[in-house]
Amino acid sequence: MTAKVDLFYKTYPGDEEWLNFSIRSVNKFAQGFRQIVIVSTRGHNYNPPPGNIPVKYIELEQPPDNGLYPNGVGYWWQMGIKLSWDQFTDADAVVVVDSDQVFFEDFSPSLWMLGDKIKWLRQPWSEVGDGTVWKQGSDYVIGKETPFSYMVAPGFYFTRQATQLFANFIKLRFAQTPEQFYLDLKHPRTSEFVPFGAFIDEINHYEYDFFHPMEFNYKPWPIKQYWSWGRVSDEIRREIEGILK
């Protein structure tokens with residue numbers, strides 16, 4: 001039976017122009033995905049660009065911001081929501097995409113596969129530059145030294161089983177859901193993708209294989225990463241419109 005694979009976005013109103021571009025690129029280039037799932041903040045009332053891929057749109061109440069969160073509560077809340085994607089869709093797997101990522105050529109779930117395994121990229125911390133900011137938190141979550149970063153390329157493929165195993169690990173270790181964990185300021189800050197990858201690698205989960213990009217004929221996923229902390233400049237707008245024309 002063919003796996004049901006969705007594309008999953010956690011967004012908010014401030015990223016709407018970026019999200020529109022990303023969804024348009026999905027509609028132009030994506031093949032083999034069942035639907036797009038978008039989770040946003042209550043009151044957004046987002047209307048996605050029309051396309052051939054169905055959209056499931058969900059709005060949630062954002063937790064209150066006490067002013068103590070670096071970058072604001074929404075930044076950390078969205079990490080927990082991504083790791084809770086299985087609450088919002090019955091898909092077998094999702095590819096998690098950020099609003100400021102634009103696809104530029106045809107792609108399908110098979111892009112993330114190598115044989116019958118999902119390929120997840122990893123690099124030693126010595127190679128990731130500023131990415132080492134996530135190491136302390138990753139070590140903390142796993143409870144031991146983690147030798148690799150697992151946030152090497154955008155577009156992350158989560159299976160339902162692997163996601164639930166990681167969520168159960170967080171519950172057993174911290175007595176919290178992933179959402180509660182990322183909102184709890186007593187924990188060191190970390191990303192959503194690095195500890196997930198470290199955990200799945202540590203348990204040698206059968207659905208995944210882990211590679212350094214140089215270990216096989218790696219072609220980067222056809223995703224261009226922009227930077228949504230800034231507004232969409234006229235130059236970037238022209239560039240993206242050129243991709244989508």
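This briefing covers the sheets, packed helices, salt bridges and internal spaces of the structure above. The model is predicted. One open sheet has 5 strands, and another has 3. A search of the whole structure finds 17 salt bridges. The largest pocket holds about 940 Å³ of space, and the largest cavity has a volume of about 80 Å³.

**The 5-strand sheet**

- The strand order is β3-β2-β1-β4-β10, and the pairing is mixed.
- β3 and β10 stand at the edges with a single partner strand each, so one side of each has no neighbour in the sheet.
- On average, neighbouring strands of this sheet are turned by 25° against each other, direction ignored.
- β4 covers residues 93–96 and pairs with β10 in the antiparallel sense. The pairing runs over 4 bridges.
- In this pairing V96 stands opposite F156 of β10.
- Helix α4, residues 160–174, lies across β4 and β10. Its angle to β10 is about 80°.

**T41 in strand β2**

- T41 is a residue of strand β2.
- Is T41 buried or exposed? T41 counts as buried because its relative accessibility is 14%, and the cut-off for buried is under 20%.
- Leaving out residues up to four places away in sequence, T41 touches K10, T11, Y12, P13, E59, L60, Q62 and W77.

**The 3-strand sheet**

- This open sheet runs in the order β6-β7-β11, with mixed pairing.
- Its edge strands are β6 (113–114) and β11 (208–211), and each pairs on one side only.
- β6 and β7 run antiparallel and are joined by 2 bridges. β7 spans residues 117–121.
- L114 has K117 in β7 as its bridge partner.
- Helix α6, residues 193–202, lies across β7 and β11. It runs at about 110° to β11.

**Salt bridges**

- Side chains of opposite charge can pair when their charged atoms come close.
- R42 and E61 form one salt bridge, at 2.9 Å from N to O. R42 sits in the loop between β2 (36–41) and β3 (55–60), and E61 in the loop between β3 and α2 (73–82), so the pair ties together parts 19 residues apart in sequence.
- R42 is partly exposed, at 47% relative accessible area. E61 counts as exposed, at 55% relative accessibility.
- K135 and E145 form another, at 2.5 Å from N to O. K135 lies in helix α3 (residues 135–142) and E145 in the loop between α3 and β9 (148–149), so this pair ties together parts 10 residues apart in sequence.
- K135 counts as buried, with 18% relative accessibility, whereas E145 is exposed, with a relative accessible area of 55%.
- K186 and D184 also meet in a salt bridge, at 2.5 Å from N to O. K186 is exposed at 61% relative accessible area, but D184 is buried at 17%.
- K4, D6, R34 and D90 belong to one network, joined by salt bridges that share partners.

**The cavity**

- Rolling a probe the size of a water molecule over the atoms shows where empty space is left.
- How many cavities of 30 Å³ or more are there? The count comes to 1.
- The lining of the largest cavity consists of W112, K119, W120, L121, Y150, V152, A153, G155, F156, Y157 and W221.
- β7 and β10 (156–159) are the elements that give two or more residues to this lining. β7 gives the most, with 3 residues.
- F156 thus appears in the cavity lining and also stands opposite V96 in the strand pairing.

**The largest pocket**

- Which residues lie closest to the centre of the largest pocket? They are Y75, Q78, K82, D98 and W229, out of 34 that line the pocket.
- α2 supplies the largest share of the pocket lining, with 6 residues.

Definitions and conventions. Residues numbered from 1 in each chain as written. Predicted model: local features only at pLDDT ≥ 70, side-chain atom pairs only at ≥ 80, totals over all residues. Heavy atoms only, no water. Pairing = 2+ DSSP bridges. Contact = heavy atoms within 4.5 Å. Axes fitted to C-alpha atoms, helices over the stretch in contact; angles between N-to-C directions. Salt bridge = Lys/Arg side-chain N within 4 Å of Asp/Glu carboxyl O. Buried < 20%, exposed > 50% of the residue type's maximum accessible area, 1.4 Å probe, protein only. 1 Å grid on protein atoms, 1.4 Å probe; cavity = no way out; pocket = protein on both sides within 12 Å on 5 of 7 lines; lining within 4 Å. Points joined across faces, edges and corners; volume = space filled by probe spheres on them.
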